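Reader: Please take one part of this model and go through it closely. I would like the strand pairing first, then any local detail worth a look.

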Amino acid sequence: MNYQVNPPKHHPMVVAFAQGDVNGDCVIDQVYLTGTKTPDSPFTQNIVLHIRDGRTGMIGSIPLSENTGYNPTLFLGDFTGNGVDEILISIATGGSGGIMNAYIVSYIGNQARFIFDSSVYNNRYTYSVNYLDQYKVELISDANNEKYVIDLSLRDKSYLNEIYDANGKLKQPITGFVNPLSGIYPVDFDLNGVDDLLIYQKIAGRYNADSLGYFLNTLVWKNNRFVLQNQYVAIYGTEM
């Protein structure tokens, strides 16, 4: 019998695996991602979600709209409160901003439904970042019409001197930006057995490496969708 010791180059392989009841029949299912590894690189292409029904052995395959990246991961948890696990998929894009693509898939009755998609999230949660006089940056969150102000006065003097004159006035108008989703974490804040979402988005100043902090949004499942429950801005401290 002929066989291959090593799989051929560019052959899809399993890149992440988890198991739990995801179709609601109380039998453990196998959930896995396959992808094509790039030789001598952690970059993975053609990532596809597969679910093997624990009762019947049938396999369902679900394509992802953004299916390339690094370190694809799986997490199974109950995000909707129905007592059945949903499937959280996260894939790092590898860019300098730490941006990720993420999905949550419901598979009740062996029917796939995307209940979270990072591209939809990014289009909804948008922001404006504007530098102000007197070493301040104003942040506006469009989704909930909230305003935040970051104090830059403790930043390095060389940094401030590039932006402000001796009287604390802006030398010229400056706008920053907020990156798309760069971290997504399941957290059971209420300890009720249902996972909420904690999502990070990086706040940048004049360029991506000029990091000012993060927007932290907590989303909960309500009325058949994820809604914003709390929002925070986290900033970096300064050595004393």
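Author: Four strands make an open sheet in this predicted model. Their order is β12-β13-β14-β15, and the pairing is antiparallel. The edges are β12, residues 177-187, and β15. Each of these two pairs on one side only. Neighbouring strands of the sheet are turned by 25° against each other on average, with direction ignored. In general, strands of a sheet pair through backbone hydrogen bonds, either parallel or antiparallel.

Now take β14, which spans residues 211-222. Ten of its twelve residues are buried, so the strand is largely enclosed by the rest of the structure.

Start with the β13 side. β13 covers residues 196-204. Eight bridges join β13 to β14, and the two run antiparallel. One pair to look up is L197 with L219: L219 in β14 is the bridge partner of L197. β13 and β14 form a hairpin, with six residues between them.

Then the β15 side. β15 covers residues 225-234. Nine bridges join β14 to β15, again in an antiparallel run. N217 has Q231 of β15 as its bridge partner. K222 stands opposite R225 in β15. These two strands also form a hairpin, here with two residues between them. N223 sits in that turn and has a positive phi of about 55°.

Next, a local detail away from these strands: D78. Where is D78 placed? D78 lies in the loop between β5 (69-77) and β6 (86-92). What is the charge setting of D78? D78 is buried, yet it has no salt bridge. The nearest side chain of opposite charge belongs to R113, and that is 11 Å away. A salt bridge here needs a side-chain nitrogen of Lys or Arg within 4 Å of a carboxyl oxygen, so R113 at 11 Å does not qualify.

The side chain of D78 does have a polar neighbour on the backbone. One of its polar atoms lies 3.3 Å from the backbone nitrogen of T80. Which residues does D78 contact, leaving aside its neighbours within four places in sequence? They are G83, V84, D85, E86, G193, V194 and D195.

Conventions: Residues are numbered from 1 along each chain as its sequence is written. This is a predicted model: local features need pLDDT of at least 70, side-chain atom pairs count only at pLDDT 80 or more; totals for chains, interfaces and linings use all residues. Side-chain values use heavy atoms; hydrogens and water are left out. Buried means under 20% relative accessible area, exposed over 50%, partly exposed in between (1.4 Å probe, protein chains only). Lys and Arg count as positive and Asp and Glu as negative; His and the chain ends are not counted. A polar contact is a pair of N or O atoms within 3.5 Å; within protein, one must be able to donate a hydrogen and the other to accept it, and residues adjacent in sequence count only if both atoms are side-chain atoms. Contact means heavy atoms within 4.5 Å. Two strands pair if DSSP finds at least two bridges between them. Axes are lines fitted to C-alpha atoms, for helices over the stretch in contact, and angles run from 0 to 180 degrees between N-to-C directions.
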